[in-house]
Amino acid sequence: MARIQVLDKHVAELIAAGEVVERPSSVVKELVENAVDAGSSVVTVEIKHGGTSYLRVTDNGCGIAREDVPVAFLRHATSKVRDQEDLEGIGTLGFRGEALAAISAVSRIDVMSCPAGGVIGASLHLEGGVPGPVEEAGCPPGTTMVVRDLFYNTPARLKFMKKDAAEGAAVFSAVQRLALSHPEVRVTFLRDGRQEMQTPGDGQLQSAVYAVLGREFALGFVPVKGSGEEMEVTGFASRPACCRGSRSYQHFFVNGRYVRSPLLTAAVEEAYANQKMVGKFPGCVIHLRTKLNAVDVNVHPTKMEVKFGQERQVFSAVYHAVLSALEGDRVHPGAVLERPRPHDMVTPNQTRLSPPAAPPVRAGGSLPLHDWTRSGRASPAPAAPKAGTPSRVSPPVSVRADQPIPAVPAAPVPIVSPVQAPPAVSGPQERRIQPPAPAESTEKAEPCPAPAPVRQEEPPVEQQPPAQPEASWRVAGEVLNTYIIVEQGDRVLFIDKHAAHERMNFDRMKAQGYDPMAQALLAPAVCRLAPEEHAALLSHLPLLEEFGFQAEEFGPGTLAVRQAPFDVDAEEIEGTLSQIARKLLTTGSADPSAARDEVMHTMACKAAIKGGWHTTPQELERVAREVMEGRVKYCPHGRPVAIELTRKELEKQFRRS
């Protein structure tokens with residue numbers, strides 16, 4: 001058994017640094033929180049190469065005294081907590097005294113600081129947590145932290161860093177959250193020498209929202225304000241018509257601290273119940289002010305999670321504040337319904353479900369068999385046809401090559417049963433050709449009947465193979481324009497036509513490839529995305545081009561799309577790209593084949609028929625056949641496409657069993 005020993009100080013510091021510093025965005029978060037706690041009104045963040053090689057945070061706060069500069073990098077050294085009682089009501093963003101020590105342990109740091117009203121400042125260089133001598137430096141009041149070569153001494157952590165674009169996007173998100181949490185601070189963000197964001201710092205949350213999230217979001221928000229039970233809720237929430245396809249635009253702040261809280265998320269989304277589209281999520285910037293001792297912020301090393309003492313009261317306060325804001329916004333509609341397409345519209349590369357205008361004629365003049373009892377049409381059950389006589393849906397009119405094409409009558413054509421003879425039509429050149437009987441009964445053939453419609457002479461009918469038995473299922477109809485009802489023996493199946501058709505499209509794309517029918521846009525579609533989504537799409541522009549998208553960077557967090565697939569409407573381009581980006585961020589970003597499948601999932605969904613659309617009986621039958629024959633079982637997302645209800649279960653509901 002190995003003996004227990006005390007870890008080396010350097011190893012212990014590296015382990016502790018891993019809890020606080022995960023990536024460059026973690027460094028930015030800790031440094032800007034210190035800047036805000038120092039009373040800064042101006043904070044500037046600059047990064048290069050995603051923040052791994054160079055990261056600088058400058059503020060105009062109270063600064064650090066010369067003698068305190070080396071002490072600030074010692075573990076558990078802080079100016080924000082003095083005794084145990086201070087932990088019961090933490091009002092600052094930082095309080096552990098571990099951030100600077102953790103950052104210095106895995107990087108090279110240069111710090112320059114000058115106290116407010118000071119004449120000359122102090123500078124210090126640290127490498128791997130080891131400080132050098134403190135020197136005098138000329139610098140303005142405030143503090144500047146320069147972090148270089150992050151994780152240079154921990155290669156195991158360095159190899160897990162993502163591309164510079166992805167790491168830079170994460171840093172940008174951290175800076176955006178700071179700007180939204182403290183609108184009184186003017187925040188500037190520079191990446192690779194280019195300014196990407198600057199807030200006015202006028203103390204107005206709406207100004208910060210406008211600068212961070214853009215004009216579209218600022219105009220699509222309604223103000224939220226409520227108070228009660230020693231709580232105050234302020235901020236903005238998006239109108240139901242402006243909801244997004246993800247929760248990336250939900251920002252929650254508790255006493256000025258950005259947090260991730262399932263409780264607050266549930267409270268906001270509950271206020272939107274029955275007002276937004278399914279699959280859409282509201283955006284919001286919600287500030288919750290409460291007593292300091294009513295929330296515990298010391299439950300996670302990164303301070304991203306909090307625990308409330310009165311969760312029910314918090315939920316109620318946020319829910320009613322958002323609901324009141326939505327109910328008070330009577331000018332704008334509460335929801336936007338998806339514009340339905342015509343049922344007979346078939347987009348390129350989409351599986352065509354509608355049958356052709358005229359059924360193809362087999363060799364020998366006979367028509368393909370079709371079971372109309374499964375198509376969902378109401379038609380009388382035909383009698384069994386005679387042996388050797390092909391069954392037809394309707395009598396085709398065929399014309400010899402030397403005969404003129406007969407004119408189509410204007411009057412409606414009467415519906416003829418598949419086994420009934422067509423009505424006689426008089427005409428000098430019209431005659432009916434009776435197919436000869438088998439050889440042993442040729443002599444007993446009766447004379448031709450009265451004249452009938454013009455028919456092309458048919459060759460002798462060869463011995464037909466025995467008819468295939470009919471399938472044991474039938475399409476009984478459709479409910480809610482979404483679910484196909486199929487009856488099979490003693491069970492009834494409900495098929496989700498969208499999920500089934502989505503799987504059909506995906507399987508076809510996988511087998512045959514995807515050759516998109518793309519269309520150039522008259523005006524580029526400008527899509528504003530979350531920083532992480534923007535970075536994911538920029539790193540996969542060639543993949544997007546394979547699927548019909550032509551996009552280019554159009555500023556911070558913005559893409560200009562100049563071409564899109566025909567399956568995607570212009571108003572759906574931004575939501576589609578956001579959906580693709582989220583999939584790439586989760587599973588498809590590392591493996592190229594997995595990334596292609598993720599994009600294919602989205603395109604198969606866009607090309608599929610939607611729930612709520614009117615669908616012809618032939619289309620319903622085609623989808624049902626794929627499911628009933630076992631070729632479609634699950635949609636590409638893993639959801640089942642059909643559920644089963646047996647006769648016994650149905651009779652049990654009516655108390656018949």
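**Helix H1 and its patch**

I started at Val11, which I found in helix H1, residues 9-20. This is a predicted model, and I kept that in mind throughout. Is Val11 buried, partly exposed or exposed? Its relative accessible area comes to 35%, so I put Val11 down as partly exposed. I then looked at its company on the surface: Leu7, Val11 and Ile15 make a nonpolar patch of about 260 Å².

**Salt bridges, the count**

Next I turned to charged pairs. Side chains of opposite charge can pair when their charged atoms come close. How many salt bridges does the structure hold? I noted 25.

**Asp149 and Arg108**

I picked out the pair Asp149 and Arg108, whose closest N and O atoms are 2.7 Å apart in a salt bridge. Arg108 belongs to strand E3 (residues 108-114), while Asp149 sits in the loop between strand E7 (142-148) and helix H4 (155-158), so this pair ties together parts that are 41 residues apart in sequence. I checked how open each partner is. Asp149 has a relative accessible area of 33%, which makes it partly exposed. Arg108, at 25%, also counts as partly exposed.

**Glu644 and Arg491**

My next stop was the salt bridge between the side chains of Glu644 and Arg491, at 3.1 Å from N to O. Which parts does this pair tie together? I traced Glu644 to strand E23 (residues 642-646) and Arg491 to strand E19 (residues 491-496), so the bridge joins parts that are 153 residues apart in sequence. Glu644 is partly exposed with a relative accessible area of 44%, and Arg491 is partly exposed at 26%.

**Arg191 and its network**

I then moved to Arg191, which forms a salt bridge with Glu196, with 2.9 Å between the closest N and O atoms. Are these two buried or exposed? I have both Arg191 and Glu196 down as buried. I also followed the connections outward: a network of salt bridges links Arg191, Arg194, Glu196 and Glu553.

**Helix H14**

Last, I checked the length of helix H14, residues 592-607. With 16 residues at 1.5 Å a residue, the helix should span 22 Å, and I found its end C-alpha atoms 23 Å apart, so the two values agree. Which residues of H14 are buried? I listed Ala595, then the run Glu598, Val599, Met600, His601, Thr602, Met603, Ala604, Cys605, Lys606 and Ala607. I was glad to spot charged names in that buried list, including Glu598 and Lys606.

Conventions:
Residues are numbered from 1 along each chain as its sequence is written. This is a predicted model: local features need pLDDT of at least 70, side-chain atom pairs count only at pLDDT 80 or more; totals for chains, interfaces and linings use all residues. Side-chain values use heavy atoms; hydrogens and water are left out. A salt bridge is a side-chain nitrogen of Lys or Arg within 4 Å of a carboxyl oxygen of Asp or Glu. Helices (H or I, at least four residues) and strands (E, at least two) are DSSP runs, numbered from the N terminus. Buried means under 20% relative accessible area, exposed over 50%, partly exposed in between (1.4 Å probe, protein chains only). The expected span of a helix is 1.5 Å times one less than its number of residues. Patches are made of residues with over 30% relative accessible area and no salt bridge: like charges are joined within 9 Å, nonpolar side chains (Val, Leu, Ile, Met, Phe, Trp, Tyr) within 5 Å. Accessible areas come from the Shrake-Rupley method with a 1.4 Å probe; for residues, only the protein chains shown count as cover.
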